[in-house]
Amino acid sequence: GLLVTPGLVDTHVHVYDSMIPLGIDADRHCLGRGCTTVVDAGSAGCNTLPGLKRFAVDQQKCRILAFMHVSSHGLANVPIYNGLGELDSLDYIDANLALRTLQREKAEEEASGEKSIVVGVKIRLTEQVTNSVGAVELEAYRTAQKLAADAHLPLMVHHNWSSIPLEQSPGEMVSGDLYTHCYNASNVTIVEDGKIAPCVHEAKSRGVKFCVGH
């Protein structure tokens with residue numbers, strides 16, 4: 001009465017357990033349901049990435065990869081849905097340190113022959129987490145785009161209740177980038193009048209990937 005399958009891959013989880021409000025135990029909730037590889041979607045930034053490795057990756061049997069958040073502290077200080085955000089100030093971004101961190105990951109990968117857990121850069125495009133009204137949202141997005149490009153890594157974009165239109169995200173995203181939470185009921189949604197928006201089809205044709213992010 002059971003199925004035998006290859007290990008499943010979940011491209012959007014938060015497995016920095018007990019360190020961020022959204023964190024869960026990867027072995028219990030992912031491996032226990034058939035996901036042998038999961039991708040953490042920005043729980044850690046450049047300042048908290050070592051902790052993600054030590055307290056999540058090294059403690060779990062489940063294989064954990066990660067998109068590093070453009071915010072230096074990731075989601076460490078973000079209570080759920082109470083108006084505080086990891087990008088309320090651009091001071092929360094240290095682009096130089098973030099790039100050095102990604103470059104160090106690449107150098108260590110090449111020296112050791114072991115793949116880095118870091119597979120990309122993450123940003124949440126939401127007014128609520130960018131100074132409540134999206135005051136720094138576009139600049140934060142531009143910084144994340146540049147960081148990903150400079151590091152030669154894909155960008156994962158969480159995009160809802162945002163001041164940035166579809167024409168800029170996913171409209172400006174490039175091949176290999178991943179647009180997550182693609183189906184949502186916010187003011188920006190890829191479905192318009194019952195149809196997928198034209199700029200979304202164009203993005204997909206360029207190699208932008210889409211995931212539901214559930």
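# Close-up views of a predicted model

**View A. His152 lies in the loop between α4 and β5.** The structure is a predicted model, in which local features need pLDDT of at least 70 and side-chain atom pairs count only at pLDDT 80 or more, while totals for chains, interfaces and linings use all residues. Residues are numbered from 1 along each chain as its sequence is written, and side-chain values use heavy atoms, with hydrogens and water left out. Helices (H or I, at least four residues) and strands (E, at least two) are DSSP runs numbered from the N terminus. His152 has a positive phi of about 60 degrees although it is not a glycine, and with a relative accessible area of 72% this histidine is exposed; the classes are buried under 20%, exposed over 50% and partly exposed in between, with a 1.4 Å probe and protein chains only.

**View B. The loop between β5 and β6 holds Trp161 and Pro170.** Most residues other than glycine have a negative phi, and most peptide bonds are trans. Trp161, which is not a glycine, has a positive phi of about 45 degrees, and the peptide bond that joins Ser169 and Pro170 is cis, with omega at about 15 degrees.

**View C. Arg142 and Glu172 join helix α4 to the loop between β5 (155-159) and β6 (178-180).** Their side chains meet in a salt bridge with an N to O distance of 2.5 Å, where a salt bridge is a side-chain nitrogen of Lys or Arg within 4 Å of a carboxyl oxygen of Asp or Glu. The pair links distant parts of the chain, its members being 30 residues apart. Arg142 is partly exposed, at 33% relative accessible area, and Glu172 is likewise partly exposed, at 32%. By the salt-bridge rule the count comes to five.

**View D. A second salt bridge of helix α4 runs between Lys146 and Asp150.** The closest N and O atoms of the two residues are 2.6 Å apart, and both residues lie in the helix with a spacing of four residues, about one turn. Lys146 counts as exposed because its relative accessibility is 53%, whereas Asp150, at 35%, counts as partly exposed.

**View E. Arg124 and Glu86 form a salt bridge in which both partners are buried.** The closest N and O atoms are 2.7 Å apart. The bridge links distant parts of the chain, with Arg124 in strand β4 and Glu86 in the loop between β3 and α3, 38 residues apart.

**View F. Ser71 is placed in the loop between β3 (63-69) and α3 (95-112).** Ser71 counts as buried because its relative accessibility is 0%. The serine side chain reaches the backbone oxygen of Glu86 at 3.0 Å. Beyond neighbours within four places in sequence, Ser71 is in contact (heavy atoms within 4.5 Å) with Gly45, Cys46, Glu86, Leu87 and Tyr92. Glu86 is thus both a contact of Ser71 and the salt-bridge partner of Arg124.

**View G. Thr126 occupies the loop between β4 (118-125) and α4 (137-151).** With 6% relative accessibility, Thr126 counts as buried. The threonine side chain reaches the backbone oxygen of Asn160 at 3.1 Å. Leaving out neighbours within four places in sequence, the contacts of Thr126 are Glu137, His158, Asn160, Trp161 and Ser162; one of them, Trp161, has the positive phi described in View B.

**View H. Cysteines appear here without a disulfide, since a search of the whole structure finds zero.** A disulfide is a pair of cysteine sulfur atoms within 2.5 Å. The sulfur of Cys62 has its closest cysteine sulfur in Cys30, at 5.4 Å, and so the two are too far apart for a bond. Cys62 counts as buried at 2% relative accessibility, and Cys46, one of the contacts of Ser71, is buried with a relative accessible area of 7%.

**View I. Tyr183, Val191 and Val212 make up a nonpolar patch on the surface.** Together these residues have about 240 Å² of accessible area, from the Shrake-Rupley method with a 1.4 Å probe, only the protein chains shown counting as cover for residues. Patches are made of residues with over 30% relative accessible area and no salt bridge, like charges being joined within 9 Å and nonpolar side chains (Val, Leu, Ile, Met, Phe, Trp, Tyr) within 5 Å. Val212 is found in the segment after β9 (209-210) and is partly exposed, with a relative accessible area of 37%.

Terms used:
Polar contact = N/O pair within 3.5 Å; in protein donor to acceptor, adjacent residues only side chain to side chain.
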